[in-house]
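Student: I would like a close look at a single part of this protein, with some of the overall setting added afterwards. Please keep to what the model shows.

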Amino acid sequence: LGHTNFDLEWVSVYTFQCCRIPRFVEGRVVFAGDSAHQVSPFGARGANSGVQDAENLAWKLALVLAGEAPESLIETYHTERSAAADENIGHSTRSTDFISPRSPFERSLRNAVLDLAREQPFARRMVNSGRLSVATVYDSPLSTPDTDAFAGSAHLGAPLPDCPMRTAKGEDTHLLNAIGDGFTVLYVRDGGRPNSVEGASLCVVGDDVLDSQGLFQRRMDATPGSTYVVRPDQHLAARFRSFDADRVAAAIARASGRAGAPH
């Protein structure tokens, strides 16, 4: 306010809309990206959510086309990604209402927050200039509900958090580099290692990769024997405090739409 040492070269009115279609799957037609949802640009939610749509859909289509999952698996694309769109629309709308208030009350609140933020650290967290997109935690029928208690920052249905690791040869790597293209079972070594897991690749923490900084342990609340089933899109589908081949196989079947999910 009060500055005059500039020229306005171009001025325009920018409008946006936040919306989505009722269903992301209609018969044999699947909608993704801008054809399924639109959000304001604040927070980079449009492109990010479009990529996440593709990541969610691709492995499900691959399983169905290969005859390894029922066609009803595609319905979970709508279940998961429509919920993600609603979450993105909510965040984007709140950002836009802060940046461009629609009422005198919203403007007064925004201005009060900005004034307070100059002096009060707590108010700085209230400044909503377009918080960046984060991947959605799926409350999904494909997830196997926890039967054991887990803490940490990784939630069931959330993307697997990456962390620095070391290979068995002592080379620097990251956890996500050890994740296969399909289902992956992460097992924290507890004496030995399980046999290979049908329908998934196996990665043993403490053998194939080493938790050199302890970040995997803290983020996953990992203890010896802890077992994690990771979907092809790297979302956490199941977790157990010990390895049980039958429970792991059932979790993979459920995440593939073959059991425990509506058909």
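Student: How many bridges join strand E10 to E11, and do the two run parallel or antiparallel?

Tutor: The model is a predicted one, and what follows should be read on that basis. Strand E10 covers residues 227-230, and 4 bridges join E10 to E11. The two strands run antiparallel. One of the pairings can be named by residue: Tyr-228 has Arg-239 in E11 as its bridge partner.

E10 and E11 form a hairpin, with 5 residues between the strands. In this hairpin, Gln-234 takes a positive phi, near 70°.

Strand E11 itself spans residues 236-240 and is mostly covered. Of its 5 residues, 5 are buried, which includes Arg-239, the partner of Tyr-228. Buried here stands for a relative accessible area under 20%. For the protein as a whole, 40% of the 263 residues count as buried.

As for the setting of this hairpin, the protein has 6 helices and 11 strands. Its C-alpha atoms fill a box of roughly 70 × 50 × 35 Å along the principal axes. Among contacts between residues at least 6 apart in sequence, 59% join residues at least 24 apart.

The outer face of the protein can be described in the same way. The accessible surface comes to about 14,600 Å², and carbon and sulfur atoms account for 54% of that area. On the charged side chains, the protein has 26 positive and 32 negative ones. The centres of these two sets lie 5 Å apart.

Note on methods
Residues numbered from 1 in each chain as written. Predicted model: local features only at pLDDT ≥ 70, side-chain atom pairs only at ≥ 80, totals over all residues. Heavy atoms only, no water. Helix = DSSP H or I, 4+ residues; strand = E, 2+ residues; numbered from the N terminus. Buried < 20%, exposed > 50% of the residue type's maximum accessible area, 1.4 Å probe, protein only. Contact = heavy atoms within 4.5 Å. Areas by Shrake-Rupley, 256 points an atom, 1.4 Å probe, with all protein chains shown as cover. Lys, Arg positive; Asp, Glu negative; His and termini not counted. Charge placed at Lys NZ, Arg CZ, Asp CG, Glu CD. Pairing = 2+ DSSP bridges.
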